[in-house]
Amino acid sequence: MPVKVLFVCLGNICRSPTAEGVFQKLVDDSGLSKRIEIDSAGTANWHQGRAPDPRTVAAAKRRNIDLSVLRARAVKASDFHEFDYVLAMDKNNLADLQDLKPADYTGHLGLFLAFGHQTQYLEVPDPYHGGSDGFELVLDLVEDAAAGLLESIQKNKLS
């Protein structure tokens with residue numbers, strides 16, 4: 001059975017697709033794509049079916065990560081029966097997920113950056129209303145946390 005990871009932000013057009021793309025590349029480069037499955041979703045359904053924000057796609061592309069095939073979707077209660085890890089980008093997303101989580105969920109629900117090694121940020125800031133620097137910061141934070149997440153999964157779930 002593969003380990004399944006779901007990244008969640010508000011609209012699923014900036015932070016969570018970035019996390020999905022970065023983590024997918026890391027998993028692929030590690031030769032673990034048959035053992036780890038990845039998806040992303042938003043707590044709101046405003047952008048359902050839409051591609052990630054063009055600024056998100058451009059920032060990721062500069063780091064050789066292709067997000068162009070991803071499409072936004074809303075998180076649903078059944079995701080908790082599907083995914084071993086449900087990882088929120090910020091505390092508001094986490095609160096929304098805690099409200100949606102079934103009582104019998106036994107997987108990991110928490111903040112994504114808890115897996116990272118940097119200590120300045122606890123949450124991935126939403127770059128939507130800012131400039132290009134925000135999208136670069138998101139990538140930096142996500143790359144750090146993705147590496148820590150993969151390390152944790154390899155140690156605790158794949159060994």
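Which residue forms a salt bridge with Arg-15? The legends below take this up, one view at a time, for a model that is predicted.

**Figure 1. The whole protein, to get your bearings.** Five helices and four strands make up the protein, and from the N terminus on they follow the order β-α-β-α-α-β-α-β-α. The radius of gyration is 14 Å, close to the 15 Å that the globule rule gives for 159 residues, so the protein is as compact as a globular protein of that length. Its C-alpha trace spans about 40 × 35 × 30 Å along the principal axes. Buried residues account for 48% of the 159 residues. Of the contacts with a separation of 6 or more, 70% are between residues 24 or more positions apart.

**Figure 2. Arg-15 and its partner, Asp-126.** Here is the pair from the opening question: Arg-15 forms a salt bridge with Asp-126, and their closest N and O atoms are 3.8 Å apart. The two residues link distant parts of the chain, 111 residues apart: Arg-15 belongs to helix 1 (residues 15-29), while Asp-126 sits in the loop between strand 4 (108-111) and helix 5 (132-156). Arg-15 is buried, with a relative accessible area of 2%, whereas Asp-126 is partly exposed at 44%.

**Figure 3. Two strands joined by Glu-37 and Lys-4.** In this view a salt bridge connects Glu-37 with Lys-4, with 3.7 Å between the closest N and O atoms. Glu-37 lies in strand 2 (residues 36-42) and Lys-4 in strand 1 (residues 3-9), so the salt bridge ties together parts that are 33 residues apart in sequence. Lys-4 is buried, with a relative accessible area of 18%, which falls under the 20% limit for that label. Glu-37, at 37%, is partly exposed.

**Figure 4. A salt bridge within helix 1.** Asp-29 and Lys-25 meet through their side chains in a salt bridge, at 2.9 Å from N to O. Both residues lie in helix 1, and the four residues that separate them in sequence correspond to about one turn of the helix. Asp-29 is exposed, with 56% relative accessibility, and Lys-25 is partly exposed, with a relative accessible area of 31%.

**Figure 5. A network of charged side chains.** Arg-62, Arg-63, Glu-136, Asp-140 and Glu-143 are joined into one network by salt bridges that share partners. Across the whole structure, a search finds 13 salt bridges. The protein carries 17 positive and 22 negative charges, and the mean positions of these two groups are 3 Å apart.

Technical notes
Residues are numbered from 1 along each chain as its sequence is written. This is a predicted model: local features need pLDDT of at least 70, side-chain atom pairs count only at pLDDT 80 or more; totals for chains, interfaces and linings use all residues. Side-chain values use heavy atoms; hydrogens and water are left out. A salt bridge is a side-chain nitrogen of Lys or Arg within 4 Å of a carboxyl oxygen of Asp or Glu. Buried means under 20% relative accessible area, exposed over 50%, partly exposed in between (1.4 Å probe, protein chains only). The radius of gyration is taken over C-alpha atoms; the globule rule is 2.2 Å times the number of residues to the power 0.38. Contact means heavy atoms within 4.5 Å. Lys and Arg count as positive and Asp and Glu as negative; His and the chain ends are not counted. The place of a charge is taken as NZ of Lys, CZ of Arg, CG of Asp or CD of Glu.
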